[in-house]
Amino acid sequence: MILMNIVKTLRISYAQAIRGYCDGYTPKALRSLKGKSSRACVQYYVDACRVRAVAGRGGDGCISFLSAWCKEHAGPDGGDGGHGGHVVFQSTHTVKSLNHCKAVVQAKHGGRGDNKDRTGKNANHAIVPVPLGTVIRDAEGRVVGELASEGAMFVAARGGSGGRGNKFFLTDTQQAPEVAEFGAEGETLVYTLEVRSMAHVGLVGFPNAGKSTLLRALTRARPTVAPYPFTTLRPHIGMVLYDDHEQVALADLPGLIPGSHRNRGLGIQFLQHAERCRGLIYLLDGTEDALQQYTTLKHELSQYSNSLSHRPSVVIINKIDLPEGRRCYEKLKTKMEVLGISAKIGLHLNELLRVVREMYDGGSDGK
């Protein structure tokens, strides 16, 4: 009851109330009771996509003449066409990825005008939900919109106006106009959508460092694990649950290689994934030269964006269950602050989850 009163009075989250009320309380990660999905289809995280927005065409105007029982030639009565639908991007907290966005978004066309001065139906707008913080770029790469608040909208393509019927062209000198307008064509524009924040913590490392294995061990995500490089070509997101009801998003990023900042391989695309993470975990392969790996990763990230080198980070030595991995860890921990784990057998993962939570609380203040 005391906690609930604190939450209601101060209007803070339940997690914040627990941390403030229990002095020295350390949140612990929870093991999920649900098993991993057995579906053959694995859902990838899409943080950037290219969308062609095609607005609807306006309806044509109608050519019609009214013939009433009391007046055979009652004049023109053709109605206007309806307006075509817009293509609109709307931000919402209910979606976290862009994997639902289609390559082409087509809005419906407006209805045709009818006789008896009846206007055609206006088409419904095609509203595409996107995550909060989505950045919209045009075909030239210029930022034309940013949807940072809940419910914010960006009109990507405007629908065409409906054509006017022949009644509009009635004049004193033209009593029987036999002309009407076609509906205007809608806009067709190309945009690139980018999610500014992809995950709270991202796993950065060389190919085959064990990033996918670690994500499978910590979360319910199912990235592909294989003994060859570049098994991960798209990011995978897993959620780590804590006993104070906080959820931390952990991202398995594709492996980096020397020269990635010069776009060797798919370097720039891979580095963009790391830029959208609030914190970074440098996962090093303990069976190789771990110090050289760390130096190369720091160099590639700093060359791409200097801000990446200043983000909250932690250095992890993987595969310490092997003799060479253990020797590498013992040697490197005398030179720098590192944490040794084994993603394969689950060694020291609880300590890693504690560090992840500290990064999350320090970078976002618990929000």
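Two strands count as paired here if DSSP finds at least two bridges between them. Keep that in mind as we walk through this model, which is predicted.

Let's start with the overall picture. The protein has seven helices and 16 strands. Of its 367 residues, 44% are buried. Among contacts between residues at least 6 apart in sequence, 71% join residues at least 24 apart. As for the outside, about 19,900 Å² is exposed, and carbon and sulfur atoms supply 52% of that area.

Now pick out one sheet. Five strands make it up, in the order S5-S1-S10-S7-S8, and the sheet is open, with mixed pairing. S5 (104-106) and S8 (143-147) stand at the edges; each has a single partner strand, so one side of each is left without a neighbour in the sheet. Going from one strand to the next, the twist averages 25 degrees.

Take the S5 edge to begin with. S1, covering residues 48-54, pairs with S5 in the parallel sense, over three bridges. To find the spot by eye, look for Ala-53, which stands opposite Val-105 in S5.

At the other edge, things run the opposite way. S7 (residues 134-137) and S8 are antiparallel, joined by four bridges. One landmark is Arg-137, whose bridge partner in S8 is Val-143. These two strands form a hairpin with five residues between them, and in the turn Gly-141 has a positive phi of about 90 degrees. Close by in the sequence, the side chains of Asp-138 and Arg-142 meet in a salt bridge, 3.0 Å from N to O. What about their surroundings? Asp-138 counts as buried because its relative accessibility is 11%, under the 20% cut-off. Arg-142 counts as exposed, at 52%.

That pair is part of a set of 17 salt bridges in the structure. Another joins Glu-194 and Arg-276, at 3.6 Å from N to O. This one links distant parts of the chain: Glu-194 sits in strand S10 (residues 188-195), while Arg-276 lies in the loop between helix H4 (267-275) and strand S14 (277-285), 82 residues apart. Glu-194 is buried, with a relative accessible area of 15%, and Arg-276 is buried too, at 8%.

For a local example, turn to helix H7 (residues 349-364), where Glu-351 and Arg-354 are three residues apart and therefore separated by about one helical turn. They form a salt bridge whose closest N and O atoms are 2.2 Å apart. Glu-351 is partly exposed at 32% relative accessibility, and Arg-354 is partly exposed at 31%. Elsewhere, salt bridges that share partners tie Asp-47, Arg-137, Glu-194 and Arg-276 into one network.

Finally, the nonpolar interior. In soluble globular proteins, nonpolar side chains tend to be buried together. Here the largest nonpolar core has 52 residues, and those touching the most other members are Phe-89, Leu-98, Leu-193, Val-204, Leu-284, Leu-301 and Ile-317. Apart from that core lies another, of 24 residues, including Tyr-242, Leu-283, Met-359 and Tyr-360. Leu-193 is a good place to zoom in: leaving aside neighbours within four places in sequence, its contacts include Ala-48, Val-51, Phe-89, Leu-98, Val-130, Thr-134 and Ile-136. Asp-47, a member of the salt-bridge network, is among the contacts of Leu-193 as well.

Key. Residues numbered from 1 in each chain as written. Predicted model: local features only at pLDDT ≥ 70, side-chain atom pairs only at ≥ 80, totals over all residues. Heavy atoms only, no water. Axes fitted to C-alpha atoms, helices over the stretch in contact; angles between N-to-C directions. Buried < 20%, exposed > 50% of the residue type's maximum accessible area, 1.4 Å probe, protein only. Contact = heavy atoms within 4.5 Å. Areas by Shrake-Rupley, 256 points an atom, 1.4 Å probe, with all protein chains shown as cover. Core = buried A, V, L, I, M, F, W, Y, C linked by side-chain atoms within 4.5 Å. Salt bridge = Lys/Arg side-chain N within 4 Å of Asp/Glu carboxyl O.
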